[in-house]
Amino acid sequence: MNKLSKLTAIAAVVTVVGFFSCKPRGAQSVVGGDAAQKTYVAPGKYDEFYDFVSGGFSGQMSVYGLPSGRLFRVIPVFSVDPEKGYGYSEETKAMLNTSHGYVPWDDLHHIALSETNGIQDGRWVFGNGNNTPRIARVDLKTFRTAEILEIPNSAGNHSSPFITENSEYVVAGTRFSVPLDNTNGDVPINTYKQNFKGTVSFIHVDTSGRMNIAFQIQTPGVNFDLARAGKAKSHGWVFFSCYNSEKANTLLEVNASQRDKDFIMCVNWKKAEEYVKAGKAEKRTVAYAHNVYNETTHSATSEIEKEVLVLDPKNCPDMVYFMPCPKSPHGCDTDPSGEYIVGSGKLAAVIPVFSFTKIQKAIADKNFDGDYDGIPVLKYEAVLHGEVQKPGLGPLHTEFDADGNAYTSFFVSSEIVKWRVSDLKVLDRVPTYYSVGHLSVPGGPTRKPWGKYVIAYNKITKDRYLPTGPELAQSAQLYDISGEKMKLLLDFPTIGEPHYAEAIPANLIMKNSQKIFRIEDNQNPFAAKGDANARVERKGNEVHAYITAIRSHFTPDNIEGVKLGDVVYFHVTNLEQDWDIPHGFAVKGANNAELLIMPGETQTLAWKPDRIGVFPIYCTDFCSALHQEMQGYVRVSAPGSNVPITFSTGKNEPTGPIAQNK
Amino acid sequence: MKKTFQILIALVMVFLMSCNNSNQTAADASSTEASSDAGQANVKDDASMKDIVKVAVGSPDHTTLISALKQADLVDVLANPGPFTVFAPTNEAFNKLPKGTLDDLMKTEKKTDLQNILQYHVTTSSLKADYFKDGQTIGMVNGDNITVSVKDGKVTLNGSANIVASVQASNGMVHIIDAVLLPPAKK
């Protein structure tokens, strides 16, 4: 061995040693060496993006920071949250009212951030209730659920809440076709083909955010799965994927997979608006709850609305078309230009990409392949831009970057595949751990993708984290997409089961974030704005305690004169006008939850004492150095007792002889 | 061989440094404007009611107190949720101290003494003016007590300092006093 080759050998050994010592080991070796650098957000620094992640069967929405994966908040939406008193306080119970009464849980699958001109604007985020059909709007000033609207003529509100590019509408397609609400529902299930119908709803959003169902379109009895609004050139259209064009009512696993192609339903909503204006919609009697939270009264109201306008495509030509799409399409995504619509057949071997221009031409040329229940079916070849060949197994969803690339998730082959929209060429693929469902690129569903990352939302984590018994966390995985190759950077567990999520640059939201509620604006009829208004009043069997909370005491904190059989309403007003100083309120034995009251807010806890005695009350939120002193007592006497109502703070001094040791 | 060894060392150094470098530059991935590391008193917040620090900073009569609080590292403490009651001597009150006392206390080596005096002006609970009773003693943050006297509605502390005005702050009460309270001499 000559000197040079010896040197080379040594250098090679050193290189190998150096390589291994720098690189993370084991299963993590798929992670890029600079992953820590790219995801580390130092203490006190802010993340670049907010990530709004659906909670699935938790019914809630969680808020993470990206790229760190830090959890900031879980926003209660469709499920009660005893931590915040949501659904337990008298003020919030109405948010969960439906035509079925109080429904304290749902299944939140999809997220839609509000948009202006096809760009995320940071005003609101919408979420769908999948089980008892509902759409919620969360206000991003307060990160609280501001409104929940029930959807009539729907069952399994899965194809929802997808938004148009100026937030004109959020749409809601029913997963289950059913006998519609105003028909006799007492029919044999195997009369599906005769009696079951689908609907898609167009929910108008006004400039204040308030929702109302503008109209519904009655459809053949298929299952609607997902949807996307058109954008730019295709603005004015919404594309709904649907499966079960077989109209099976049992064992869909087999019976809804018979046909080679199901459909993407293309709806021209501007046309639909014209038909509504022209009086073509039928007014149908239904019942659905419309719940609104008012940040001035700090209370929700629930109204049952009784009417909805329904358009039947039979009477409305040129409004709805079916576009064949292979094998039970799931995701149905439009690219940033609005020209391409990507269908992902769960069981398909290709990803078809449709062209909006060709769709328009096929419609103009009446290039149809017959009809489906009277609705024209566009000829597949006439509307196809092309197919991505052999992309992977089980394509589900597609998002886009700003450079003409698409990213599709594959559940069965557990991977994300990057491909180019123009020539349908597969460019890169990365594994996910494991079994990815949705994926998201910041701004990915809009006209302006912010790019930088793609996040996979995985269903299975098996060996990925420390085991926690049979039930494991689900996960999000963050990939860098700034280069040609996707690189795994980070994974983190999520709340509930994440379905869709949307990330948005932090600066579009953080500047609007509210700090306190101004006490002078508090219009809750039970507010006590200042200690002078604190009081306890009896009204028959009801005792109303108007309590104030400020560091570090309640006024009043000694209450007597409650009798067994009374219902006590604790109306607690947080007098603080200081950011991040909530007070909590709890009473021993209450059969509901605590209150968590933000500065300037009033919330009410109803309590029915079950026995005679003295019951402690206390502040549950570590508000101050004397938080542990923030407590009081409520005395409950026998039903016939003549103990009068009394209340005070700092005045009820000890009386009587003090026992002394002799 | 010696040369080979030197090259080897050099290579090892290169790799060590390349590892180190990547660690050093792993500072953070955030690009949005960062929050301040400067403590609670520096939190940007124009929506909330003013806290005790902001009340004092906003008063032209309390510039000496603010300088003293800064020197004693007590500014962030008084921006804490508290709650606090602060007896806040005016500039004039500080001027009444024997000549040179304050300058002496502002020296680095006298920081403990300054902290002791300033903490003798703070108690950890929010006491409104109507809470004070004649003959009451109040335990202060430095561990000593003050004595309250109330005559004809006028509150005097330790027989020497009068409350001349009271201001509600978000995290407690500020009572403006016309003399500096001096803690009892150490036993």
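Two strands are taken to pair if DSSP finds at least two bridges between them. With that in mind, here is a sheet in chain A of this predicted model. Six strands line up in the order β41-β40-β43-β44-β38-β45, and the sheet they make is open, with mixed pairing. At its edges stand β41 (595-597) and β45 (646-648) of chain A, each with a single partner strand, so one side of each has no neighbour in the sheet. Going from strand to neighbouring strand, the average turn is 20°, direction ignored.

The β45 edge can be followed down to residues. Strand β38 of chain A, residues 558-563, pairs with β45(A) in the antiparallel sense, and three bridges join the two. Across this pairing, A:I559 sits opposite A:F647 of β45(A).

Over in chain B, the picture turns to helices. Two packed helices are described by the angle between their axes and the distance between the axes. Helix α3 (residues 63-71) and helix α6 (residues 111-119), both of chain B, pack at about 125°, and their axes are 9 Å apart. Angles of 65 to 115 degrees count as roughly perpendicular and those over 145 as roughly antiparallel, and α3(B) and α6(B) are therefore oblique to each other. Their crossing is left-handed.

As for who touches whom, α3(B) brings B:A68, B:L69 and B:Q71 to the contact, where they meet B:K111, B:L114 and B:L118 of α6(B). Sorted by character, the residues of this contact come out as four nonpolar, one polar and one charged.

Terms used. Residues are numbered from 1 along each chain as its sequence is written. Chains are lettered from A and ligands numbered from 1 in the order in which they are written. This is a predicted model: local features need pLDDT of at least 70, side-chain atom pairs count only at pLDDT 80 or more; totals for chains, interfaces and linings use all residues. Axes are lines fitted to C-alpha atoms, for helices over the stretch in contact, and angles run from 0 to 180 degrees between N-to-C directions. Helices (H or I, at least four residues) and strands (E, at least two) are DSSP runs, numbered from the N terminus. Angles under 35 degrees count as roughly parallel, over 145 as roughly antiparallel, 65 to 115 as roughly perpendicular and the rest as oblique. A crossing is left-handed if the near helix is turned anticlockwise from the far one by less than a right angle, and right-handed if clockwise. Two residues are in contact if their C-beta atoms, placed from the backbone, lie within 7 Å. Ala, Val, Leu, Ile, Met, Phe, Trp, Tyr, Cys and Pro count as nonpolar, Asp, Glu, Lys and Arg as charged, and the others, Gly among them, as polar.
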